[in-house]
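User: Could you take me through this structure, please? I should like to begin with the overall picture and then go into detail.

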Amino acid sequence: MPEVKLVNVTKRYGRIIANDHINLTIKDGEYVSVIGPSGCGKTTLIKSIAGIIKPDEGEIYIDGRLVNDLPIEERGVGYVFQNIALFPHMTVWDNVVYGPKVRCLPPEETRALALEMLEMIKLSARSDAYPSELSGGTQQKTAVARALISRARLLLLDEPLGALDVKVRTELRYELRRLVKDLKLTALHVTHDQEEAMSISDRVVVMRKGRIVEAGSPIDLYLRPKNIFTANFVGEANFLRGIVVQINGENSVIEIRGGLKLVAESKGWKVGDPVVVAFRPEFASIEMKEHLNRLSGKIVDVLYSGSIIRIIIELDNGDRVVVKKALRFEEPQFKTGEKITINIPPQNILVYPYPKEGLERALALE
Ligand SMILES: Nc1ncnc2c1ncn2[C@@H]1O[C@H](COP(=O)(O)OP(=O)(O)O)[C@@H](O)[C@H]1O
Ligand SMILES: [Mg+2]
């Protein structure tokens, strides 16, 4: 169960800073995901830990040992790529035993290890199959077995489920987590799928433009994102510009466009501060149990996706927000053009300083 520690890890490609002073500790036995938009430096980070690329600056420690100059084979890592990278002309068995064979392990030992790996991923019955005869999910499981046969205690996964169908992807998530926990491995899992990261990990690290924006447990990142970029990237959120107009103890009152006022359970502001208020679409209610924070408008669109209804509302002040509700049989239909009032409990309103670069650029994925 190795601990991984990165200190100021920096990697440049010409003028691009792919990793910009990354500081991160992954604890023994922890399942950590790294998420962020495409090009933010996730693969560079994982390859630096694996030893495939060498950072320009900074130190990487595995189990307290500086590994900057240690080759990949000596780092005790198992690495699974995004693009399924099995040898197509070899069976599952031959793919799995490839590493030990190259390292000239005694055949009996190799055989015992391979049997154990195949048992672990429940593929013993398919050991004679070729990759082309397997589903994408099974191929990726084989890749995991191949990565772990070297007795790696640190599993590095770079978008391991990215090439798979949604349904398979969802199932394999839980299998990966179970495997890591059962074998007491430490895992670093890179993905651009925030839902995957949230459901699989003990801790999620959000990256943007080569830097770590924020790290935390899935629930903290969802409920209390410290950074406005996280609020947007992890889950869905509505954003409204405003000005702090009053402070009431633990609460702040924020005036948004059109003179509407919202009370937020948020401290540390001064009257006059330009801010952005954010709330998750599912935390706005249309049951109107509270008098506070009522916003009215009209429904401009209703979108159904599985068990969720998304109601797009144009508020009376012209701002647009999305409200999510669970789909239930007995509930009234929401119709485009109808008037609607929503209210948002003060504890569910997040407040951020208005970004210097403007809201759009602060949230941009590029
Ligand atoms: N070998 C390389 N040569 C030049 N630029 C690279 C190379 N590898 C990555 N980059 C650049 O570094 C940045 C980070 O890339 P990468 O780590 O692959 O991001 P991610 O995995 O998050 O999509 C990108 O701008 C990418 O174009
Ligand atoms: Mg990548």
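Analyst: What follows covers the whole chain, the ligand shell, one sheet with a helix on it, and a hairpin. Please note that this is a predicted model.

User: How many helices and strands does the protein chain have?

Analyst: The protein chain comes to nine helices and 19 strands. Its C-alpha atoms fill a box of roughly 75 × 50 × 35 Å along the principal axes.

User: And what share of the residues is buried?

Analyst: Of the 366 residues in the protein chain, 35% are buried. As for contacts with a separation of 6 or more, 66% are between residues 24 or more positions apart.

User: Turning to the ligand, which residues surround ligand 1?

Analyst: The shell consists of Tyr13, Ile16, Ala18, Gly36, Ser38, Gly39, Cys40, Gly41, Lys42, Thr43 and Thr44. By class, four are nonpolar, six are polar and one is charged.

User: Which element gives the most to that shell?

Analyst: Helix 1 does, with three residues. Strand 2 (16–26) and helix 1 (42–50) each supply at least two residues of the shell.

User: Now the six-strand sheet. What is the strand order?

Analyst: The order is 6-7-8-3-9-10, in an open sheet with mixed pairing. Strand 6 (77–80) and strand 10 (211–216) are at the edges, and each has a single partner strand, so one side of each lacks a neighbour in the sheet. On average, neighbouring strands of this sheet are turned by 15° against each other, direction ignored.

User: How many bridges join strand 7 to strand 8?

Analyst: There are five bridges between strand 7 (residues 154–158) and strand 8 (residues 186–191), and the two run parallel. Within strand 8, Ala187 is the residue opposite Leu155.

User: Which strands does helix 4 touch?

Analyst: Helix 4 (residues 136–148) packs on the sheet and touches strand 6 and strand 7. The direction of helix 4 makes about 160° with that of strand 6. From first C-alpha to last, the 13 residues of helix 4 reach 19 Å, close to the 18 Å expected at 1.5 Å a residue.

User: Why is helix 4 described as largely enclosed?

Analyst: Eleven of its 13 residues are buried, so helix 4 is largely enclosed by the rest of the structure. Among the buried residues are Lys141, Arg146 and Ala147. The cover includes strand 6, helix 2 (92–102), helix 3 (107–120), strand 7 and helix 5 (166–182).

User: How far apart are Ala147 and Leu262?

Analyst: They are 52 Å apart in space, C-alpha to C-alpha, and 115 residues apart in sequence. Leu262 is in strand 13 (residues 261–264).

User: Why does Leu262 count as buried?

Analyst: Leu262 counts as buried because it has 22 C-beta neighbours inside 10 Å, and the cut-off is 20 or more. Not counting residues up to four places away in sequence, Leu262 touches Ile254, Ile256, Val277, Asn293 and Ile349.

User: Where do the side chains of strand 13 point?

Analyst: They alternate along the strand. Leu262 and Ala264 point to one face and are buried, whereas Lys261 and Val263 point to the other and are not.

User: Do strand 12 and strand 13 run parallel or antiparallel?

Analyst: Strand 12 (residues 251–256) and strand 13 run antiparallel and are joined by four bridges. Ser252 has Ala264 of strand 13 as its bridge partner.

User: How many residues lie between the strands in that hairpin?

Analyst: Four residues lie between strand 12 and strand 13, and in this hairpin Gly258 takes a positive phi near 80°.

Technical notes: Residues numbered from 1 in each chain as written. Chains lettered and ligands numbered in written order. Predicted model: local features only at pLDDT ≥ 70, side-chain atom pairs only at ≥ 80, totals over all residues. Near = placed C-beta within 6 Å. Nonpolar A, V, L, I, M, F, W, Y, C, P; charged D, E, K, R; others polar. Pairing = 2+ DSSP bridges. Axes fitted to C-alpha atoms, helices over the stretch in contact; angles between N-to-C directions. Contact = placed C-beta atoms within 7 Å. Expected span 1.5 Å × (residues − 1). Buried ≥ 20, exposed ≤ 12 C-beta atoms within 10 Å, placed from the backbone.
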